[in-house]
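Open the model in your viewer and keep the selection box at hand. Each stop below says what to select and what is there.

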Amino acid sequence: MLATLRTPYTDTRADALSFALGLPALDALAVLPAERAGLAVELRLLGASHQVLVGPVSETVACLPGRPGPLPDEVNEALPGWSYEFGATTVSHDDDAAFGTAVDDLCARLADRADALTGTFPGSPYAVTALALADNGLGWRTWHAYPQTREIVMTRSRLVSES
């Protein structure tokens, strides 16, 4: 699902993103409900990046007041009956053309997927946040593109039942 957002994004640098587990549902600009492994999933675009709600997990990656960035490279959490894994990487592009091509390729890969949500923010066609469910299992990936710095932050998350 493609959402053209009318609200300017509030996170403007990769290193301003922070990570939080357990936050309540935040105001979302767009939401894609889905189901995986018998659990309701919500992929949520925020003005400050993304939130995923699934089973016992509320994952927020955003520019959050009082929570400094940058994102952790890796998080592993034991939750009652579940294990949760998170990882983040940032790719920097040398020039605008390479950055634009990377964002265009991402958007094209996700365009026809019913389990993906892509939001474009005003100001640049490359100001994009995208979320997609994994093809198998209970996992998801996200991408946060920053035209000002030509960076793309990529996250991957997985929730595994221990039963």
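The tour runs from the whole chain to its cores, then to single residues.

**Ground rules**

This is a predicted model, where local features need pLDDT of at least 70, side-chain atom pairs count only at pLDDT 80 or more, and totals for chains, interfaces and linings use all residues. Residues are numbered from 1 along each chain as its sequence is written, and side-chain values use heavy atoms, with hydrogens and water left out.

**Stop 1: the whole protein**

Show the cartoon. The protein has one helix and 12 strands. Helices (H or I, at least four residues) and strands (E, at least two) are DSSP runs, numbered from the N terminus. In sequence order the pattern is β-β-β-β-β-β-β-β-α-β-β-β-β.

Along the principal axes, the C-alpha atoms fill a box of roughly 45 × 35 × 25 Å. The radius of gyration is 15 Å, which agrees with the value near 15 Å for a compact globule of 163 residues. That radius is taken over C-alpha atoms, and the globule rule is 2.2 Å times the number of residues to the power 0.38.

Now switch to a surface. About 7,900 Å² is exposed, and carbon and sulfur atoms supply 52% of it. Accessible areas come from the Shrake-Rupley method with a 1.4 Å probe. Buried residues make up 47% of the 163. Buried means under 20% relative accessible area, exposed over 50%, and partly exposed in between (1.4 Å probe, protein chains only).

**Stop 2: the cores**

Select Leu43, Val54 and Tyr84. These residues have the most contacts inside the largest nonpolar core, which has 27 residues. Strands that each supply at least two residues of this core include strand 3 (30-36), strand 4 (39-46), strand 8 (82-92) and strand 12 (151-161). A nonpolar core is a set of buried Ala, Val, Leu, Ile, Met, Phe, Trp, Tyr and Cys residues joined through side-chain atoms within 4.5 Å.

Which residues is Leu43 in contact with, leaving aside its neighbours within four places in sequence? Among them are Ala30, Leu32, Val52, Leu117 and Leu131. Contact means heavy atoms within 4.5 Å. Next, select Val103, Ala132, Ala145 and Ile152: they belong to a second, separate core of 11 residues.

**Stop 3: Val61**

Go to strand 6, where Val61 is found. Val61 counts as buried, at 0% relative accessibility. Draw a distance to Phe19. The two are 42 residues apart in sequence, yet 4.7 Å apart in space, C-alpha to C-alpha. Beyond four places in sequence, the contacts of Val61 also include Leu17, His50, Leu71, Phe86 and His144.

**Stop 4: the loops**

- Gly22: look in the loop between strand 2 (18-21) and strand 3. Gly22 is exposed, at 60% relative accessibility. Its C-alpha is 8.2 Å from that of Thr60, 38 residues apart along the chain.
- Ala37: select the loop between strand 3 and strand 4. Phi of Ala37 is near 50°, a positive value in a residue other than glycine. Ala37 is exposed, with a relative accessible area of 69%.
- Pro70: move to the loop between strand 6 and strand 7 (74-79). The peptide bond from Gly69 to Pro70 is cis, with omega near 0°.
- Arg150: finish in the loop between strand 11 and strand 12. Arg150 is not a glycine, but has a positive phi of about 55°. Arg150 is partly exposed, at 26% relative accessible area.
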